[in-house]
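Work through the following exercises with the sequence and the model open beside you. Try each task before you read its solution.

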Number of protein chains: 2
Amino acid sequence: MARIEAEPEDLTARARIRDAALRQFGEHGFERATIRGIAEAAGVSSGLVRHHFGSKEALRDACDEFLIASLHRLNEQARAEPAPTEVNPVASAQAAFGPYQPYLARALVEGRAAPLFDEMVRMSEQWLEEADRNRPDPPFADRRARATVGTAMGLAVPLLQQHVARGLGADLSSPEGAHLLAVVLLDIHSHPILSPEAAAEMRAALERIRDTPTDPRTRRSAT
Amino acid sequence: MARIEAEPEDLTARARIRDAALRQFGEHGFERATIRGIAEAAGVSSGLVRHHFGSKEALRDACDEFLIASLHRLNEQARAEPAPTEVNPVASAQAAFGPYQPYLARALVEGRAAPLFDEMVRMSEQWLEEADRNRPDPPFADRRARATVGTAMGLAVPLLQQHVARGLGADLSSPEGAHLLAVVLLDIHSHPILSPEAAAEMRAALERIRDTPTDPRTRRSAT
DNA sequence: CAGACGACTACACCTGTGTGTAATATCCGT
DNA sequence: ACGGATATTACACACAGGTGTAGTCGTCTG
């Protein structure tokens, strides 16, 4: 599968700065990364960063836009390609972000990059549409909602990369780590943690709670 | 289920500062949050923050320690309680973190709070141990690995709270949002996206790839 | 060739913020 | 009541880093 990353040498200065910013923001976070550091990593002066992007915030916005555009490209490209060999589309999309994963993780957790997430949800929906056709029982909720939560879950591993790697005892970018992760995902995605009966029962319990006034859960909602 | 949060009024100044720091770090991030801002939120002078915690970093460490200790307490408490009414233990543990969720999300994504994650994995393992007894076929991977990935997935929704809420069209802390989310989780956790046959086939394919020299995947591992 | 414009640099400025210090208030044991 | 520890404050320092300005170089165009 194609990646978003590009070779640094061929890039224009503007692109090199954006690339460096993506990496620095990802590694150190937006605040801790400095314009001077980004400039140095890109091999330019700090003034040039300002010249091209105006401000640090605008530079970050440009980074977001770049990733969104890249995801769009990737999405259309995937639509044309043969079969999804991966467990789910989000996982493969994520893998494609390559060195920009840390940036993406930070941006998403901070509530930024909403269009990017929504695009992924759209991809998931598309995937679910096909899966729903082979499904005997009616879904519990509409496709959008399931795609949203599914997308989030698919992002979990890249978001928590370091912790997952530690738990698995292998770097996820290594062949061994990737293999182990794939096997685990296969196991999880083929073994529901709830039986249909248990799920139905819990669902009924949920509806009962919902229809009960003075629900104890609501008493904590304030802040 | 119990929560970690405490009423602000009764707290000692030190605890109030820690509480305010947890919230400010969560809302604005570690760098952007200021000691002066935390002090103001806690109703004390900025000097007192330094007096009690020494430095900003040390304050953050104290926040981590506090959450870890709280999780421990919660864990033992849960061990004594009757039945887990939630879909999975991570989700309920997460719900318990209440107003500190944003802090936790940032800390985890930045690779911090490893002991906290590991503790959650341990809880998941415990839960899996029981689930494995009712399982006919042998798992694809050891329990630790599955618990790790499962923990990550369970954390996905709180980590991406804002995006999930947007996709679901409801605030997750509202009764409606929580209900919708629970229903979706029920659906997902009772409907595997892979049939046992498909999983077995993909697993076999994975093993085949693994044993193939000059695996195309490895050619991208550098950088 | 002249002028203009964009790429790019060097440098000064200034605010925000973590940190250090000294002084004051409050509590507690004897 | 007294002395010391602890809690708490006010204020000054230092510096990092975003921003602003002016200037140089190279290239294109008429």
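**Exercise 1. The fold of one chain.** What percentage of the 223 residues of chain A count as buried?

*Solution.* Before counting, note that this is a predicted model, in which local features need pLDDT of at least 70, side-chain atom pairs count only at pLDDT 80 or more, and totals for chains, interfaces and linings use all residues. Residues are numbered from 1 along each chain as its sequence is written, while chains are lettered from A and ligands numbered from 1 in the order in which they are written.

Step 1: a residue is called buried if 20 or more other C-beta atoms lie within 10 Å of its own, exposed if 12 or fewer, and partly exposed in between, with the C-beta atoms placed from the backbone. By that rule, 38% of the 223 residues of chain A are buried.

Step 2: look at the secondary structure, where helices (H or I, at least four residues) and strands (E, at least two) are DSSP runs numbered from the N terminus. Chain A has eleven helices and zero strands.

Step 3: consider contacts, which join two residues whose C-beta atoms, placed from the backbone, lie within 7 Å. Among the contacts in chain A with a separation of 6 or more, 59% link residues 24 or more positions apart.

**Exercise 2. Two residues of chain A.** Decide for Ala21(A) and for Leu172(A) whether each is buried or partly exposed.

*Solution.* Step 1: Ala21(A) sits in helix H1 (residues 13–28) of chain A. Because 27 other C-beta atoms lie within 10 Å, Ala21(A) is buried. Beyond the residues up to four places away in sequence, Ala21(A) touches Ile38(A), Leu59(A) and Cys63(A), and its C-alpha atom is separated by 9.5 Å from that of Lys56(A), 35 residues apart along the chain.

Step 2: Leu172(A) belongs to the loop between helix H9 (161–168) and helix H10 (175–190) of chain A. Leu172(A) counts as partly exposed, because it has 18 C-beta neighbours inside 10 Å. When neighbours within four places in sequence are left aside, its contacts include Gln161(A), Val164(A) and Leu181(A); the C-alpha atoms of Leu172(A) and Gln161(A) are separated by 7.4 Å.

**Exercise 3. The two copies.** How are chain A and chain B related, and how many residues does each give to the contact?

*Solution.* Step 1: superpose the copies by least squares on the C-alpha atoms of residues with pLDDT of at least 70 in both. A turn of 180 degrees and a shift of 0.1 Å along the axis lay chain A on chain B with an RMSD of 0.1 Å. The two copies are therefore related as by a two-fold rotation axis.

Step 2: count the contact, to which chain A gives 67 residues and chain B gives 67 residues. On the side of chain A that touches chain B, H10(A) gives the most, with 13 residues. That side divides into 38 nonpolar, 18 polar and eleven charged residues, where Ala, Val, Leu, Ile, Met, Phe, Trp, Tyr, Cys and Pro count as nonpolar, Asp, Glu, Lys and Arg as charged, and the others, Gly among them, as polar.

Step 3: compare the sides. Because 100% of the interface residues of chain A are also interface residues in chain B, the copies meet through the same surface.

**Exercise 4. The DNA strands.** Which residues come nearest to DNA strand C and to DNA strand D?

*Solution.* Step 1: a residue is near a strand if its C-beta atom, placed from the backbone, lies within 6 Å of it. Of the 15 residues that surround DNA strand C, the closest are Ala13(A), Val44(A), Ser45(A), Gly47(A) and Ile35(B). The surface near DNA strand C takes the most from H3(A), with four residues, and it has four nonpolar, eight polar and three charged residues.

Step 2: around DNA strand D there are 14 residues, of which Ile35(A), Ala13(B), Ser45(B), Gly47(B) and His51(B) come nearest. By class, this surface has four nonpolar, seven polar and three charged residues.

Step 3: turn to the record. An unreviewed UniProt entry lists residues 34–53 of chain A as "DNA-binding region", an annotation that may be inferred rather than shown by experiment. In the model, that span is 80% helix and 0% strand, and its end C-alpha atoms lie 14 Å apart.
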